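Me: Can you walk me through this protein? I'm new to reading structures, so please keep it simple.

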Amino acid sequence: MNKYDYLEINTDGGSRGNPGPAAIGAYAQSAGQTVFTLSETIGETTNNVAEYTAVLRSLETILEKEVASEKLKFILDSELIVKQILGQYKVKQPHLQILRSKIVDLAKKLQEKQLIKLMTIVNVPREQNKIADKLVNKALDK
């Protein structure tokens, strides 16, 4: 198990066309050191599904790699997805409700397994999320 006081994960998802070929990117780091990166295609889907999937795959990676952190901070450039995950905005589409539910359930599971203690999720301007965006485009360009 790898333990960190603070883990920051920048995630992004995108599609070329909406829907279209889609991919996710995630960059996890602690104290300036890379913990893991994700750059994966996810088939034909929408941009919103890709954004949710990036967060979900990051949580799954934490579980798979047994990454433990006192504080976990997700950084996304999609205000809509952040507010939907936090429950500030209603999620109307059933397929997105399922993805949000999986994220909430997996976050609870990680807390129960004591892999994470505190999880926050914030929205930043797109230019502050360049590494995750590059990982999305890297997957799409393959």
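**Core first, then a helix**

Me: Which helix or strand supplies the largest share of the largest nonpolar core?

Reply: Sure, and keep in mind that this is a predicted model. The largest nonpolar core has 30 residues, and those with the most contacts inside it are L7, I9, Y52, L59, I62, L72 and F74. Several elements give at least two residues each to this core, including β1, β4, α3 and β5. The largest share, six residues, comes from α1.

Me: What does L72 touch, leaving aside its neighbours within four places in sequence?

Reply: L72 is one of the core residues with the most contacts. Setting those close neighbours aside, its contacts are L7, I9, L59, I62, I116, L118, M119 and T120.

Me: Why do the buried residues of α4 sit on the same side?

Reply: In α4, the buried ones are A132, D133, L135, V136, A139 and L140. An α-helix has 3.6 residues a turn, so residues three or four places apart point the same way. What covers the buried residues of α4 includes β1, β2 and β3. They share a side because they cover an arc of only 155° around the axis.

Me: And which exposed residues are on the face turned away from the buried side of α4?

Reply: Helix α4 runs over residues 130–141. Its face turned away from the buried side carries K130, K134 and D141.

Me: What is the radius of gyration of the whole protein?

Reply: The protein has four helices and five strands. The globule rule gives 14 Å for 142 residues, and the protein comes close to that, so it is as compact as a globular protein of that length. Its radius of gyration is 14 Å.

Note on methods:
Residues numbered from 1 in each chain as written. Predicted model: local features only at pLDDT ≥ 70, side-chain atom pairs only at ≥ 80, totals over all residues. Heavy atoms only, no water. Expected span 1.5 Å × (residues − 1). Buried < 20%, exposed > 50% of the residue type's maximum accessible area, 1.4 Å probe, protein only. Arc of directions from axis to C-beta. Contact = heavy atoms within 4.5 Å. Core = buried A, V, L, I, M, F, W, Y, C linked by side-chain atoms within 4.5 Å. Rg over C-alpha atoms; globule rule 2.2 N^0.38 Å.
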